[in-house]
Amino acid sequence: MFRSKLGVLAILVTVSAGLAAACTTTTGGTASPSAAGSSSATGEPSADPEVPKVSVPLDASKYVADTCAMVPKDVLASLGMPETGTFQPKGDTLFTKAGPNCSWKIRGQGTGVLVSLGTGSRDEGAGGLAGIYRGYADKIYIRFLERAPDVEGYPAVYWGPLDERPMGSCGIGVGIADDLTFDVYAQGYQGADDSCAAATQVATSVIKTLKGA
């Protein structure tokens, strides 16, 4: 489940990067807008009124190199997770293009949580909740999207290739700027309530960390 969600994020990054590259043409050394240019093609945040806006952006730059530090140890302990997570920096693989991530798993149980910071998506014009909404509008890689309750005052959505909540896997994206989200995935739980409670608990702790609380 972790890998499928990260793969969807990476595909959206790749598609958006291709659109951005195609939005200009060069004639005699001068770049000019393509007739196909649009807000999604240029990487600008979507003006779609359905996309929730972030009124007070949060700075997550210090956690790009240490995404695991976004989740406090007491929160991990309350979920039965190990204190030490597995960190993956942003890279060129299918599972790291969207940005750095950190995962924790309970050995032998198939239960785990993952936090992904969407700096790669942002840099390629697919960032923020707007990028997720655009992906859902295409209905190619994202076929499930549902508004979630705000997390500590920040807009959030449940999303994925399909709705896996009844199967005990929950993914939530939280907007911390109009062009930046972090995503939390919880898998191996007992149904929608259990998995989304775990994902929301982690997401709440991340917002508090970013606020410096």
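Visitor: Are Cys-68 and Cys-102 buried or exposed?

Guide: This is a predicted model. In it, both Cys-68 and Cys-102 are buried.

Visitor: What do Cys-68 and Cys-102 form, and how far apart are their sulfur atoms?

Guide: The general idea comes first. A disulfide is a covalent bond between the sulfur atoms of two cysteines. Here Cys-68 and Cys-102 form one, with sulfur atoms 2.0 Å apart. The torsion about this S-S bond is about 95°, so the disulfide is right-handed. Cys-68 belongs to the loop between helix H2 (39–42) and helix H3 (73–78), and Cys-102 to strand E4 (residues 101–106), so the bond ties together parts 34 residues apart in sequence.

Visitor: How many disulfides does the structure hold?

Guide: Two. The pair not yet described is Cys-170 and Cys-196, with an S to S distance of 2.2 Å. This link is also right-handed, with 95° about the S-S bond. Cys-170 sits in strand E8 (residues 170–177) and Cys-196 in helix H6 (residues 191–211), so distant parts of the chain, 26 residues apart, are linked.

Visitor: Why does Cys-196 count as buried?

Guide: The cut-off for buried is under 20% relative accessible area. Cys-196 has 9% relative accessibility, so Cys-196 counts as buried. Cys-170 is buried too, because its relative accessible area is 0%.

Visitor: What is the pairing when the bonded cysteines are numbered in sequence order?

Guide: The pairing is 1-2, 3-4.

Visitor: Which residues touch the most other members of the largest nonpolar core?

Guide: Again, the general idea first. In soluble globular proteins, nonpolar side chains tend to be buried together. In this model the largest nonpolar core has 41 residues, and those touching the most other members are Trp-104, Ile-172, Val-174, Ile-176 and Phe-182. Elements that give two or more residues to this core include H3, E4, E8 and H6. H6 gives the most, with eight residues.

Visitor: Leaving aside neighbours within four places in sequence, what is Phe-182 in contact with?

Guide: With that exclusion, the contacts of Phe-182 include Ser-116, Leu-117, Ile-172, Val-174 and Ile-176, as well as Ala-203, Val-206 and Ile-207. Apart from the largest core lies another, of 11 residues, among them Val-51, Ala-130, Tyr-133 and Leu-145.

Visitor: How many residues of E7 are buried?

Guide: Seven of its seven residues are buried. To read such a strand, take one face at a time. In a regular strand the side chains alternate between the two faces of the sheet. For E7, one side carries Tyr-154, Ala-156, Tyr-158 and Gly-160, the other carries Pro-155, Val-157 and Trp-159, and both faces are covered.

Visitor: How many bridges join E6 to E7?

Guide: Six bridges join them, and the two strands run antiparallel. Ala-148 stands opposite Ala-156 in E7. The hairpin of E6 and E7 has two residues between the strands, and Glu-152 there takes a positive phi near 50°. E7 also pairs with E8, in the antiparallel sense, over three bridges. Tyr-158 stands opposite Ile-172 in E8.

Visitor: Which charged end sits over the ring of Tyr-158?

Guide: That of Arg-165, 5.1 Å from the centre of the ring. The ring of Tyr-136 has the charged end of Lys-139 over it, 3.7 Å from the ring centre.

Visitor: How many aromatic pairs does the structure hold?

Guide: Zero.

Note on methods: Residues are numbered from 1 along each chain as its sequence is written. This is a predicted model: local features need pLDDT of at least 70, side-chain atom pairs count only at pLDDT 80 or more; totals for chains, interfaces and linings use all residues. Side-chain values use heavy atoms; hydrogens and water are left out. A disulfide is a pair of cysteine sulfur atoms within 2.5 Å. Helices (H or I, at least four residues) and strands (E, at least two) are DSSP runs, numbered from the N terminus. Buried means under 20% relative accessible area, exposed over 50%, partly exposed in between (1.4 Å probe, protein chains only). Rings of Phe, Tyr and Trp (its six-membered ring) pair if their centres lie within 6.5 Å; planes under 30 degrees apart count as stacked, over 60 as edge-to-face and the rest as tilted. A charge sits over a ring if NZ of Lys or CZ of Arg is within 6 Å of the ring centre and within 35 degrees of the ring normal. A nonpolar core is a set of buried Ala, Val, Leu, Ile, Met, Phe, Trp, Tyr and Cys residues joined through side-chain atoms within 4.5 Å. Contact means heavy atoms within 4.5 Å. Two strands pair if DSSP finds at least two bridges between them.
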